[in-house]
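Thanks for coming, everyone. Please have a look at the chain on the screen before I start talking.

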Amino acid sequence: MKQLITIISLLCFYQTFSQTTKDTTTHLSEVVVTASRLPMSIMKSPVSIELLDARAIKLSPAPSYFEAIENLKGVQLLTSSFGFKVYNTRGFANPTNVRFVQLVDGADNQAPHIGAPIGSALAPTDLDIDRVELIPGTASALYGMNALNGMVHILSKNPFEHQGFSFQQKTGVNHLGDANASAQLFTETSLRWAKAWNNQWAIKLNLNYLKGYDWISDNNQDLNPNGNTSLGLFGLDNPAYDGINAYGNESSNRQTLTLGGKRYSVARTGYTEKDIADFSIQNLKADLTFAFKPSANSELNYTFRMGYLNNIYQRTNRFRLDHYWVSQHILTYENKSLILRGYMTTENTGDSYNIRSMAENIDRSFKTDTQWFKDFSAAFLASTQAGITATQALKDARIKADGGRPQPHTAEFEVLIKKLGDINNWDVGAALRVKSWMYHAEGQYNLTEEALASWKEKYGINILSGFDYRMYQVYPDGNYFINPVEPGKDLTYYKYGAFTQITKSLFDNKLQVNLSIRADKNQYFDWQWNPRVAMVFSPTDDQNFRVSFQNGYRFPSLFEAFSNVNSGGVKRVGGLPVMSKGIFENSYYKTSIDAFQVAVTSDVNTKGLTVGQAVEKNKGLVQKNDYTYLKPERVNSFEIGYKGQLLDKKLFIDADFYYNVYQNFMAQVEVSTIKSGFTNGDSLAYYLNDRTKQDRYRLWTNSKSKVYNYGASVGVRYQFYKSFVINSNVSYAKLDRKETNDGLEEAFNTPQWILNIGLSNRNLGNGWGMALNYKWQDAFVWQSSLATGTVPAYSTLDGQVGYEFESQPIELKLGATNLLNQYYYNFLAGPSVGGFYYLSATLKL
């Protein structure tokens with residue numbers, strides 16, 4: 001396959017990266033706004049930018065524009081569930097991507113308590129999408145915090161320019177050939193209505209409702225295969241088995257038992273995700289816009305967006321979102337020089353629950369950990385005394401200890417899920433009960449559009465300045481968040497900043513120089529400065545070379561700063577001093593404690609030492625924690641690129657190369673402290689050999705490493721015989737090195753190669769059109785606190801056939817993703833994704 005990639009790259013002059021149509025010249029002169037916050041030709045953008053317009057969306061085999069983004073150059077998709085997909089570019093991916101920003105009509109549509117968007121919950125519908133602009137790479141200099149890895153800007157249709165009624169019905173099926181579920185029906189209904197009066201007043205309404213059955217996470221790979229290596233117990237014989245999509249048998253659910261003179265690591269049994277989760281999907285979203293034009297060149301509009309979700313979601317753990325609400329009120333004023341925008345986002349997690357906590361607390365609801373391990377030990381000893389082998393005795397002991405355990409899909413089990421799903425304490429329940437708000441105000445003013453228009457005319461200068469203010473507010477529920485500053489009151493967290501951008505044209509507009517500087521102040525951190533220098537050299541309109549350097553940063557998200565989560569005896573604590581003072585200073589690395597305990601176990605099992613002797617021998621392995629409180633995360637990014645048209649503008653080439661240097665990666669360190677009452681320094685090692693005498697934490701902190709990564713991508717498009725377009729893009733991403741490699745660097749989690757090849761024609765004749773897209777993704781190592789291992793390489797084939805009625809305003813589209821139905825997952829703990837086959841009918845009046 002790598003040889004194929006090399007061939008594709010060498011032959012890229014005969015291929016394409018963008019799904020588009022025969023009007024190549026028109027497409028390549030389209031205007032984008034995201035790269036510089038000003039309208040400009042995509043060909044002369046100072047940084048890499050990808051465009052997905054209405055024509056490309058219509059031709060895509062993907063069932064929606066949101067999924068079609070996956071095939072843009074350099075984009076990596078993570079599928080947490082059928083209804084929740086996450087995008088990333090240029091490395092360091094995770095299912096809750098706080099380094100990638102998603103804007104809708106200029107408004108950040110993140111869920112406040114997470115700091116990242118909930119998929120497409122607040123995004124426009126397929127009927128209302130105008131275009132998507134994507135920057136793969138740092139955009140902090142203009143857009144501020146979080147835009148380290150990239151951003152996507154989704155723009156909806158203006159009701160003055162796009163009026164009328166439209167309706168769309170999609171019907172599909174998935175889970176064909178799935179051992180976990182029978183074939184399931186999918187349905188999605190959308191409508192859009194827009195009306196304008198006298199070119200002064202306008203209204204727009206969108207509704208979307210979908211229903212289906214989610215993909216199922218069913219990976220049984222053991223995350224703890226060496227839990228009993230010293231005893232030769234592996235695979236199904238391993239009593240410390242920890243399946244990827246099994247919960248309640250993780251590290252916090254294990255104990256080391258001394259049985260018959262040997263030390264065994266034993267986990268509770270737990271449940272699989274398909275035992276616990278509800279996989280039905282029932283999502284609703286809507287938006288309403290009122291627009292008013294005080295003059296021909298100005299517009300004032302108010303938009304309300306809302307999303308209601310019932311599906312699976314993933315961050316550190318897997319969650320079932322039930323009756324989850326997120327909404328946004330947006331007020332925008334815009335004229336030729338000025339944009340003012342304010343918005344409020346509201347989030348309520350409803351009846352959602354943590355799947356892992358649900359599993360472990362169902363286990364504990366019928367028998368405490370203390371009683372279960374006591375019963376297990378007694379049963380094991382009884383079996384071995386009766387002459388049964390230790391391996392079989394371990395299995396018999398589990399059956400005995402699990403006697404009376406609630407069984408999945410029974411009435412008793414469903415009652416427990418409902419009961420525990422309403423207990424907002426993950427030590428004994430599973431509820432996710434978060435209410436949060438985000439308030440944002442921003443403005444930008446183009447000084448040279450009107451006020452200093454003579455400068456623009458005389459000197460070829462554009463000057464743009466802007467500001468923003470953002471405040472997060474969260475209700476302290478006592479499980480997820482507390483207010484350490486003013487107990488009993490809502491927790492607040494704010495930042496503010498400003499930027500200035502100067503663009504100068506030189507040498508008869510052949511060279512464009514772009515300089516910008518941004519400064520931001522966070523409530524708990526000093527000012528952060530972010531410069532960007534970019535140049536575009538255009539010897540002709542069809543040949544454009546670009547180079548840029550910029551700095552990016554992000555402040556801790558609300559969760560990273562203030563979390564206070566109890567989960568299975570491990571407390572996850574935010575990295576600000578107000579949250580974790582005293583813990584950092586008095587804690588010991590969990591990795592060193594684990595190594596210490598393994599060494600003690602090995603010496604007892606293989607060398608015949610007593611526990612006391614083994615503790616004294618190995619206590620030097622225990623290491624004090626020397627990490628400390630959170631600091632902002634930073635990246636320096638260098639990029640060069642080229643956009644050009646050749647062969648009478650039938651061939652389009654877009655290439656880029658980047659090199660990034662990251663510092664202060666925000667990550668979590670796992671530590672333990674000695675419980676109150678155990679303070680004898682001479683006995684420290686004995687306490688750290690006994691989990692019952694420790695308090696365990698996961699603290700947000702910064703990696704000490706400086707991390708380097710680089711990559712490149714090439715996308716080309718070639719139009720040939722009768723409007724056929726053959727297209728391709730290939731992306732390469734590589735982790736270069738880590739200076740210190742302290743183990744806390746955010747995992748790269750990115751395939752080295754991603755390849756897309758497509759063939760399309762929207763004008764086959766008599767209203768017919770078609771498109772095929774082949775995608776291949778390289779195998780890569782996935783690392784997270786939930787699961788670590790290798791994600792296998794996979795490939796998919798997508799296709800669609802479309803038909804437009806000549807005499808009726810109706811369009812039909814028959815399509816499929818993963819047409820060959822080869823199940824795959826694109827990150828560990830994620831679901832197995834199979835084929836999805838659909839028929840879409842669209843009416844436009």
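I will go through strands, then aromatic rings, then helices.

A word of caution first. This is a predicted model.

Let's start with strand 21, residues 318-334. Which strands does it pair with? One partner is strand 20, residues 298-314. The two run antiparallel, and 15 bridges join them. They form a hairpin, with three residues between the strands. If you want a landmark, take Y313, which stands opposite F319 in strand 21.

Now go to the next partner, strand 22, residues 338-348. Strand 21 pairs with strand 22 over ten bridges, again in the antiparallel sense. This is a hairpin as well, and three residues make the connection. Here the landmark is I330, with Y343 opposite in strand 22.

There is also strand 23, residues 353-354. Strand 21 pairs with strand 23 over two bridges, antiparallel. Which residue of strand 23 is the bridge partner of F319? That is N354. So keep F319 in mind: Y313 stands opposite F319, and N354 in strand 23 is a bridge partner of F319 too.

A general reminder while we are on strands. In a regular strand, side chains alternate between the two faces of the sheet.

Next, two open sheets. One has five strands in the order 3-10-11-6-7, with mixed pairing. Which strands are at the edges? Strand 3, at 50-53, and strand 7, at 107-108, each pair on one side only. Strand 3 meets strand 10, residues 129-136, over four bridges, and that pairing is antiparallel. Within it, L51 has E133 of strand 10 as its bridge partner.

The other open sheet also has five strands and mixed pairing, in the order 30-31-36-35-32. Its edges are strand 30, at 564-567, and strand 32, at 588-589. Strand 30 runs antiparallel to strand 31, residues 570-573, and four bridges join them. V565 stands opposite R572 in strand 31.

On to the rings. How many aromatic pairs are there? The count comes to 48. I will show you two of them. In the F186 and F836 pair, the centres are 5.2 Å apart and the planes are at 90°, which is edge-to-face. This pair links distant parts of the chain. F186 is in strand 13, residues 184-197, and F836 is in strand 45, residues 836-844. The two are 650 residues apart. Are these residues buried or exposed? F186 is buried, and F836 is buried too.

The second pair is Y480 with F481. Why is it called edge-to-face? The ring centres are 5.4 Å apart and the planes are at 70°. Planes over 60 degrees apart count as edge-to-face, so this pair qualifies. Y480 and F481 are both buried.

Y480 and F481 also belong to an aromatic cluster. Its other members are F84, Y313, F319, W426, F559 and W700. You have met Y313 and F319 already, as the residues opposite each other across strands 20 and 21.

Two arginines deserve a look here. The charged end of R315 sits over the ring of F559, 4.1 Å from the ring centre. F559 is one of the cluster residues. Elsewhere, R737 lies over the face of Y708, and the distance to the ring centre is 3.8 Å.

Last topic, helices. Helix 8 covers residues 369-385, and helix 9 covers residues 390-401. Their axes come within 8 Å and cross at roughly 140°. That angle makes helix 8 oblique to helix 9. The crossing is right-handed.

Stay on helix 9 for a moment. I399 is found there. Is I399 buried or exposed? Relative accessibility is 63%, so I399 counts as exposed. From I399 to G620 is 221 residues in sequence, and 38 Å in space, C-alpha to C-alpha.

The other helix pair is helix 14, residues 590-607, with helix 15, residues 611-618. They pack at an angle of about 135°, and the axes are 9 Å apart. Helix 14 and helix 15 are therefore oblique to each other. Their crossing is right-handed.

That's my tour. Happy to go back to any part of it.

Notes:
Residues numbered from 1 in each chain as written. Predicted model: local features only at pLDDT ≥ 70, side-chain atom pairs only at ≥ 80, totals over all residues. Heavy atoms only, no water. Pairing = 2+ DSSP bridges. Phe/Tyr/Trp six-rings, centres within 6.5 Å; stacked < 30°, edge-to-face > 60°. Buried < 20%, exposed > 50% of the residue type's maximum accessible area, 1.4 Å probe, protein only. Lys NZ or Arg CZ within 6 Å of the ring centre and 35° of its normal. Axes fitted to C-alpha atoms, helices over the stretch in contact; angles between N-to-C directions. Parallel < 35°, antiparallel > 145°, perpendicular 65-115°, else oblique. Left-handed = near helix turned anticlockwise from the far one by under 90°.
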